[in-house]
Amino acid sequence: MATDENAPGAQGGNPADNSGGAQPPQGDQGASYAPQGGQYSPQGQPDANAQQPQGQYSPQGGQYSQPEAGAQQPQGQYTPQGQYTPQGGQYGPQGQYAQQPQGQYPQQGAYPAGGYAAPAPTKMDPNKKKKIILLSSIAGAVVVILIIATVVINVINGSQYGPQAVVEKYLTTISAGKASEANKLVKPGLKKEQAVLLSDKVLKEKNTRISDTKVSKTQKEGDSARVAFSYKLDGTTYDGTLTLSNQGKQAVFFDDWKIDKPLLVDVAVYVSQGTEATVNGVNVDFGEEGVLQAYPGVYTVSAPDSKWFAADDQQFVAGTGSKASYSAVELNLKPTDALTEEVQSQLDGMIDECAKETSKEVDENCDMDVDYVSGLSEVTKVVRKVVEYPTVTVDDTGRSFETEGGEIKYTVTGKDYSGKSVTGDLEARSYWTFYGDITVDGDKVVLEFW
């Protein structure tokens, strides 16, 4: 009898078993199906008396693979349809792995029965999507801005607010002759009368100021810093150092470095007459100590702005560091002709006033008294006439004077011993000497006679 090759169970059936094409019993619970030629058996177990095929069946291709001689055959095992086969191959008998083309899946179904398919993607609201993109862009921009801001702050901190920048600004201000501004950058801590040299007028001339200022080294340790610098003054290069302290922050982000002490130099001047002198054309009073502080510079010390005294100009270079000079300026004031003329004028005026007196005694400073006249018992009237005024000589310091020469005549009226009124001339006085001290107070000259 001819067998239909397309009938179920025709392929892979046992030739010794005529039940190879039998239909599975209807309603038999738990029966397992052996695909493409396998036996039906309850709960997946083969019939104990059924003849098993000699070749194990591998799904997907339906080919038998001959087991090795004497190898134990699995009892009732099968590969269900739709079973997932890992990439690269499938399982053969006895757990053997058969090589398959990479990336291939079993032909019959990607998922086992009852598996779930992936849900269809949900489409996002366009407005919500735009909002997310906008927020992400803003967040990214903020991060970039913060990074840039940090870099910029660090750069500005070093270039404009760091110790070196603070010192450079301070030195530049002094070199520009802006003493009043330098006083604000670093307060001198001096009284008004002690800070007279810290003025724009004193540093007015360019050739009196420092130049070519340079910062050579900066050392920082915590909130302290030490800055070394150099500058040129009167053709010489001077050095110096300034210490600074960090006071915290300014404008929220930037360091607030402050110079601890101002860059000042002592200018000591000894004045032979008084305590006043002229420094770079400005009248100043050096006081009892004879010392004032000034910024580094070239200072020309002259006699005070007065017509009574003159002196040779003295130059003092007030530098700092290893080449600084700590010598004092000696200003020897000499009286001018004007002072001698003033003393002479005052003396002549005093003599004239005394000569007007007709009494025997006058101001003792005049030295014109007539107490006794030979042959007269009484002097009732004296007429004084200056023939020649004494000549004044002022000493080299301008502090004192003396006179020589001069002539004065006296006409005396009185009574002789008989009681008779007589008038006669006395012998002219040809020696007439005055001595005294000179005190100058500004434009005023005061004489004090010995």
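Start by selecting β15 together with strand β17 (residues 314-318): the two pair in the antiparallel sense over five bridges. Strands here are DSSP runs (E, at least two residues), helices are runs of H or I with at least four residues, and both are numbered from the N terminus. Two strands count as paired if DSSP finds at least two bridges between them.

Before going on, a word about what is on your screen. This is a predicted model, in which local features need pLDDT of at least 70 and side-chain atom pairs count only at pLDDT 80 or more, while totals for chains, interfaces and linings use all residues. Residues are numbered from 1 along each chain as its sequence is written, and side-chain values use heavy atoms, with hydrogens and water left out.

**Stop 1: around β15**

Within the pairing you have selected, show T300, which stands opposite Q315 in β17. Now add strand β12 (residues 276-279), which runs antiparallel to β15 and is joined to it by two bridges. Here V279 has V301 of β15 as its bridge partner. Why is β15 described as largely enclosed by the rest of the structure? Because five of the six residues of this strand (residues 297-302) are buried. Buried means under 20% relative accessible area, exposed means over 50%, and partly exposed lies in between (1.4 Å probe, protein chains only).

**Stop 2: an open sheet with mixed pairing**

Next, select β14, β11 and β18. These three strands form an open sheet in the order β14-β11-β18, with mixed pairing. The edge strands, each pairing on one side only, are β14 (291-294) and β18 (329-331). Neighbouring strands of this sheet are turned by 30 degrees against each other on average, direction ignored. For such angles, axes are lines fitted to C-alpha atoms (for helices over the stretch in contact), and the values run from 0 to 180 degrees between N-to-C directions.

Zoom in on strand β11 (residues 265-271). Strand β11 runs parallel to β18, with three bridges joining them, and V271 stands opposite L331 in β18. Toward β14, the direction is antiparallel and there are four bridges; A268 has V291 of β14 as its bridge partner. Colour the two faces of β14 separately: L292 and A294 make up the covered face, V291 and Q293 the uncovered one.

**Stop 3: aromatic rings**

How many aromatic pairs does a search of the whole structure find? There are five. Rings of Phe, Tyr and Trp (its six-membered ring) pair if their centres lie within 6.5 Å; planes under 30 degrees apart are stacked, over 60 edge-to-face, and the rest tilted.

Show F229 and Y231 for a stacked pair, 6.2 Å centre to centre with 20 degrees between the planes. F229 is buried at a relative accessible area of 1%, and Y231 also counts as buried, at 1%. Add Y238 to the selection, and you have a cluster of F229, Y231 and Y238 linked by ring pairs.

From Y238, draw a distance to T213: C-alpha to C-alpha they are 9.7 Å apart in space, with their positions 25 residues apart in sequence. T213 is found in strand β7 (residues 211-221) and is partly exposed, with a relative accessible area of 26%.

**Stop 4: an open antiparallel sheet**

Now select β21, β22, β25 and β26. They form an open sheet in the order β21-β22-β25-β26, and the pairing is antiparallel. Its edge strands are β21 (391-394) and β26, each pairing on one side only. From one strand to the next, the twist averages 30 degrees. Strand β25 (residues 435-441) meets β26 over six bridges, and I438 stands opposite L447 in β26.

F401 and F449 are both buried.

**Stop 5: V379 and K415**

Pick V379 in strand β20 (residues 376-388). Is V379 buried or exposed? V379 is buried, with a relative accessible area of 11%. K415 lies 36 residues away in sequence, and 6.7 Å away in space, C-alpha to C-alpha.

**Last stop: a surface patch**

Finish on helix α1 (residues 126-161), where L134 is placed. With L135, I138 and V142, L134 makes a nonpolar surface patch of about 350 Å². Patches are made of residues with over 30% relative accessible area and no salt bridge; like charges are joined within 9 Å, nonpolar side chains (Val, Leu, Ile, Met, Phe, Trp, Tyr) within 5 Å. A salt bridge is a side-chain nitrogen of Lys or Arg within 4 Å of a carboxyl oxygen of Asp or Glu. Accessible areas come from the Shrake-Rupley method with a 1.4 Å probe, and for residues only the protein chains shown count as cover.
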